[in-house]
Amino acid sequence: MSLSLSLSQGRLGLGLGLGQMDSDAILSSSEDMHDANDVESDEEGFYSDENEVASDYNTDNDDVDDYVIEEDEDGINMIQARRPENNYIVLKELDIKERQEDDITSVSSVLSISRAASTILLRYYNWNVSEVHEAWFADEEKVRKTVGLLPGPVVQFAKSRELMCGICFEAFPRSGLKSADCGHPFCFECWEGYIRTSINDGPGCLMLRCPDPSCGAAVGQDMINIFVCDDDKRKYSKYLLRSFVEDNKKTKWCPALGCEHAVNYVGDNENYDVSCLCSYDFCWNCTEETHRPVDCNTVRLWILKNSAESENMNWILANSKPCPKCKRPIEKNQGCMHMTCSPACKFEFCWLCLGAWSDHGERTGGFYACNRFEAAKQEGVYDEAERRREMAKNSLERYTHYYERWASNQSSRQKALVDLHQMQTVNMEKLSEIQCQPESQLKFLSDAWQQIVECRRVLKWTYAYGYYLTEHENAKKQFFEYLQGEAESGLERLHQCAEKELLPFLNADGPSREFIEFHTKLAGLTAVTKSYFENLVRALENHLSDVDCHQAGSLATSSKNGTSKGKGGRGKETSRAGGSSRN
């Protein structure tokens, strides 16, 4: 067994060289590695050297906090790059309520106003506490007037025993009337009907104002809780909770069907990929499924194109012709050129020249040709129509090419998700019993399937990216197709190995040496495929800038060579003498 110590990309690892070993050696080495505490004294010396290297490495690096020391499955210390923290926080319903209550309490205590008034203020300023404080201390009177928080009643009534309700116009004792901060009195029954109707109408009840048409005083949650039943209270609280998420610029609901979690984005970079607790991955910026490395605008255009009617019109234009009489589109579904329009038109015409069929016969080419059309085509009569039809066909074929591959990778990813779940819940336990290995040593199987799922997602969106690559960017297109082809080829090998070559081991009667070879092969394919897709993602995120750099370098080299040749015709002699020909 050969041991090699490698340090690359912020990671100090211990590699086991198994390249030139037979099966017996592999079995014995794997048994020797079950317990790291049973190693010999010379191996302990090796690990002590490793610690010295790790110490030197940490000493030479200024940013020591970027790395952590972890133990691998065999108990060996390894220096790994510290994983970046998530730039988002997934919020459950209780978390949302807690944050909402904290904001209401904060504003209420700082501004010395009621919680109902704090809620109205935060709702108006989209739950931004800092904006509320800034606006309030800048001009309190203006803010109060804008949101409807009046400092006192705007109407005064004589000290009579009864007052008239402003809605039903009936007289009630003062104890049977209620008013908002403005002082307009309304009876309990009218208040209840007014508030209940507003709540049933939807979230607009959060901006409820005084029933008096000329008054803009806000009606807060304290008034609402007095008059409505428990069901309406729950509805109002639900609208208020949803407002806290939907009006907040940094918080969005998870778009997965039936999910009630929200995601608060706290990052400052352009990596918007988030993963909800419901296991749904989506882009926080556009709320579509994760589409890295393709940008949100390309995804929007692609989804719009898939759902639009434009492709239907392209198909009609490419595969049909208008009836010369009624102008309805006709599809040719038979072999001959004799066409008959559908009832009630029933006009008979030639498919090629669109002329009346009564003018056709053997002298014009019969059922399978049209001499008139050929002659007119040579004269240029049908050039424009045929050109438009040919362009529509080419456009449709190009879109179909990319869409079919986009859709097939989507379906393959869905199937891979099912296979991943099957592997994690059933097959790993079954293989553990057959191969007499703990499930922790079979983790390479779930890793392979997770890699397949992720690669199918990336590959799917690369076809949307390729569709919008313009034709004049030929160099970029070739480079992109090369990277895409390499990645897709590696993925197909990995997918086939994980899907088909595993089946014999699932049906085996006992452990086999071939399973160790399968382990090595699948783990290697997983690593290689990951590398291919990392290169592809990196290139697309850089907008294939490597092609531009290469072209710029080529132009600079060509320009330099051209200048040297122009100096009195002695360019070659100078190159040989100076030894610059190696460049």
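This passage describes a three-stranded sheet with two helices that pack on it, and then the setting of one serine, in a predicted model.

The sheet is open and consists of three strands in the order β5-β11-β10, with antiparallel pairing. Its edges are formed by β5, covering residues 88-91, and by β10, covering residues 251-253, each of which pairs on one side only. On average, and with direction ignored, neighbouring strands of this sheet are turned by 25° against each other. The pairing of β5 with strand β11, which spans residues 262-265, is antiparallel and extends over four bridges; leucine 91 stands opposite alanine 262 in β11.

Two helices are associated with these strands. Helix α3, comprising residues 93-111, lies across β5, β10 and β11, and runs at about 105° to β5. Helix α9, comprising residues 230-246, likewise packs on the sheet, where it touches β10 and β11, and the direction of helix α9 makes about 120° with that of β10.

Serine 408 belongs to another element, helix α13, which extends over residues 383-435. The relative accessible area of serine 408 is 34%, and the residue is therefore classed as partly exposed, since this value falls between the limits of 20% for buried and 50% for exposed residues. Serine 408 and arginine 456 are 48 residues apart along the chain, and in the model their C-alpha atoms are separated by 9.5 Å.

How values were computed:
Residues numbered from 1 in each chain as written. Predicted model: local features only at pLDDT ≥ 70, side-chain atom pairs only at ≥ 80, totals over all residues. Heavy atoms only, no water. Buried < 20%, exposed > 50% of the residue type's maximum accessible area, 1.4 Å probe, protein only. Pairing = 2+ DSSP bridges. Axes fitted to C-alpha atoms, helices over the stretch in contact; angles between N-to-C directions. Contact = heavy atoms within 4.5 Å.
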